[in-house]
Amino acid sequence: MNVHDSERLSGLLEDAGYVRATGDTDPDVVVFNTCAVRENADNRLYGNLGHLRPAKQENPGMQIAVGGCLAQKDRGEIVRRAPWVDVVFGTHNIGSLPTLLERARHNEEAEVEILESLDVFPSTLPARRESAYSGWVSVSVGCNNTCTFCIVPSLRGKEKDRRPGDVLAEVRALVSEGVSEVTLLGQNVNAYGVEFGDRYAFGKLLRACGEIEGLERVRFTSPHPRDFTDDVIEAMAETPNVCHQLHMPLQSGSDSVLKSMRRSYRSERYLDIVRKVRRAMPDAAITTDIIVGFPGETEQDFEDTLDVVRESRFSNAFTFQYSKRAGTPAAEMEGQLPKEVVQQRYERLVELQNEISWELNTELVGSEVELLVAEGEGRKNTETRRLSGRARDGRLVHFAPGDDVDEIRPGDVVHTVVTRAAPHYLIADDGLRSHRRTVAGDRWEVGQRPKTSGVSLGLPSFGEPATETTTEQGCAC
Ligand code: SF4
């Protein structure tokens with residue numbers, strides 16, 4: 001969500017006439033798009049702002065803007081703590097950034113503008129896409145749930161759904177420019193339709209994506225077990241371009257912890273969905289998020305989580321040690337656990353999950369995989385002379401390209417055979433079975449990226465050659 005918002009900020013600034021600072025050019029404008037979900041986001045922001053202070057003193061015309069969740073939370077506090085910041089904007093008014101920059105320049109004073117609710121759906125704003133082959137498309141923003149550890153509802157507001165026609169128009173527009181993979185985004189995609197009264201809207205949307213020619217892979221994040229309906233599983237299984245990958249947050253396997261998290265499903269409901277997904281799609285890769293050490297979590301509660309992990313056999317899990325987020329109900333709860341207990345449970349969970357991930361990955365050795373070649377996924381690729389790609393189920397595969405190495409571009413599609421497994425990736429060292437050049441690969445090669453001009457948007461246009469990607473890592477909650 002956060003990464004996609006950054007694409008919109010880039011698109012807005014480009015439309016306002018700004019160009020990206022390249023290489024060693026000092027930028028005239030620096031924008032921080034912040035995320036408040038992780039614990040040390042505040043420290044990182046104020047640390048980064050501190051680092052920029054000398055540059056600002058040297059070049060007083062430079063402008064610094066801070067937006068996103070942390071700005072929505074800290075508001076005027078940001079310019080009190082860092083008076084050299086020029087603009088603060090929130091999650092509901094990212095479209096105001098160019099105007100605020102101009103106003104701050106003109107008035108020679110800081111502009112702080114935070115709205116309490118959305119003025120326009122963010123997808124009506126232009127977005128400068130970072131990837132030539134894979135695009136984010138929002139189906140909704142905000143969340144109507146009230147999980148006690150989560151800051152999102154207070155910073156992103158109530159759920160707002162986009163009309164299916166607008167979502168599909170954006171998907172088609174991306175595909176017409178060569179994008180072959182789309183990830184539908186929402187804080188709780190299974191609740192999609194709540195605003196316009198159709199609880200089966202998300203399954204229908206997946207099926208409608210199946211009708212779009214040229215769209216090879218559809219993913220989505222994140223579903224919520226409470227609102228998960230069987231028709232979504234059926235749509236996943238029956239729509240050929242929907243990937244058999246499900247990222248479904250568990251958070252805890254203990255019913256009493258789920259209750260105090262105010263997650264309105266129980267472990268049996270969660271496992272029931274997992275079983276149905278496995279029956280409908282035996283090849284599905286299921287991943288999850290788990291919080292360890294929630295206030296009041298007992299050893300038995302933690303054991304219950306381990307049991308659900310054993311039974312679910314996740315291909316991967318994003319595991320977090322609980323940490324207080326100011327402004328959330330859980331931060332005030334009794335029974336906050338000592339760090340050593342949380343750490344020790346966390347290590348046990350990671351060890352178990354790594355074993356399962358490794359076992360599942362090992363089962364894939366010898367099988368053929370279709371990979372969408374990715375950019376920047378393998379840090380050791382220069383050493384190993386491998387390239388990287390994502391399989392249809394989302395697994396990361398580092399592969400030896402053989403003699404085709406110079407021919408293969410991010411966005412192309414290759415087939416190869418898995419030769420080795422590690423817990424978090426697969427290796428395919430026996431060369432390629434096939435390589436398909438794609439339009440996305442052609443566009444990548446000449447540095448073009450799609451730039452959607454806002455929905456109901458008609459056609460996207462192409463932006464200038466891309467330089468560096470600088471986005472904060474988002475979170476899946
Ligand atoms: S954890 Fe997810 S479902 Fe719960 S309140 Fe936060 S965004 Fe909503």
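Helices and strands are taken as DSSP runs, helices of at least four residues and strands of at least two, numbered from the N terminus. The structure described here is a predicted model.

In these terms, C143 is placed in the loop between β7 (140–141) and α6 (152–156). C147 lies in the loop between β7 and α6 as well. Together with C150, C143 and C147 are covered by the annotation "binding site" in the UniProt record, an unreviewed entry. Both C143 and C147 are buried by the criterion of 20 or more other C-beta atoms within 10 Å. C143 counts as buried because 20 other C-beta atoms lie within 10 Å, and C147 because its C-beta neighbours inside 10 Å number 22. When residues up to four places away in sequence are set aside, C143 touches V152, P153, R156, E159, Q187 and N188. On the same basis, the contacts of C147 are M261, R262 and R263.

The ligand is surrounded by 10 residues, of which C143, N145, C147, C150 and V152 are the closest. The shell around the ligand comprises six nonpolar and four polar residues, and no charged ones.

A further annotation in the unreviewed UniProt entry, "domain: Radical SAM core", covers residues 129–360. Over residues 129–360, helix accounts for 40% of the chain and strand for 16%, and the C-alpha atoms at the two ends are 34 Å apart.

V292 belongs to strand β12, which spans residues 285–292. This residue is classed as buried because 24 C-beta neighbours are found inside 10 Å of V292. Apart from neighbours within four places in sequence, V292 is in contact with T319, F320, Q321, Y322, V342, R345, Y346 and L349. A separation of 34 residues in sequence lies between V292 and A326, and their C-alpha atoms are 18 Å apart in space.

An open sheet is formed by seven strands in the order β18-β19-β16-β15-β14-β17-β20, with mixed pairing. The edges are occupied by β18 (420–421) and β20 (432–436); each has a single partner strand, and therefore one side of each is left without a neighbour in the sheet. Within the sheet, strand β14 (residues 368–373) and strand β15 (residues 387–390) run antiparallel and are joined by two bridges. In this pairing, V373 stands opposite G389 in β15.

Definitions and conventions: Residues are numbered from 1 along each chain as its sequence is written. This is a predicted model: local features need pLDDT of at least 70, side-chain atom pairs count only at pLDDT 80 or more; totals for chains, interfaces and linings use all residues. Two strands pair if DSSP finds at least two bridges between them. UniProt positions are given in the numbering used here, feature names are shortened, and annotations may be inferred rather than shown by experiment. A residue is buried if 20 or more other C-beta atoms lie within 10 Å of its own, exposed if 12 or fewer, and partly exposed in between; C-beta atoms are placed from the backbone. Two residues are in contact if their C-beta atoms, placed from the backbone, lie within 7 Å. A residue is near a molecule or strand if its C-beta atom, placed from the backbone, lies within 6 Å of it. Ala, Val, Leu, Ile, Met, Phe, Trp, Tyr, Cys and Pro count as nonpolar, Asp, Glu, Lys and Arg as charged, and the others, Gly among them, as polar.
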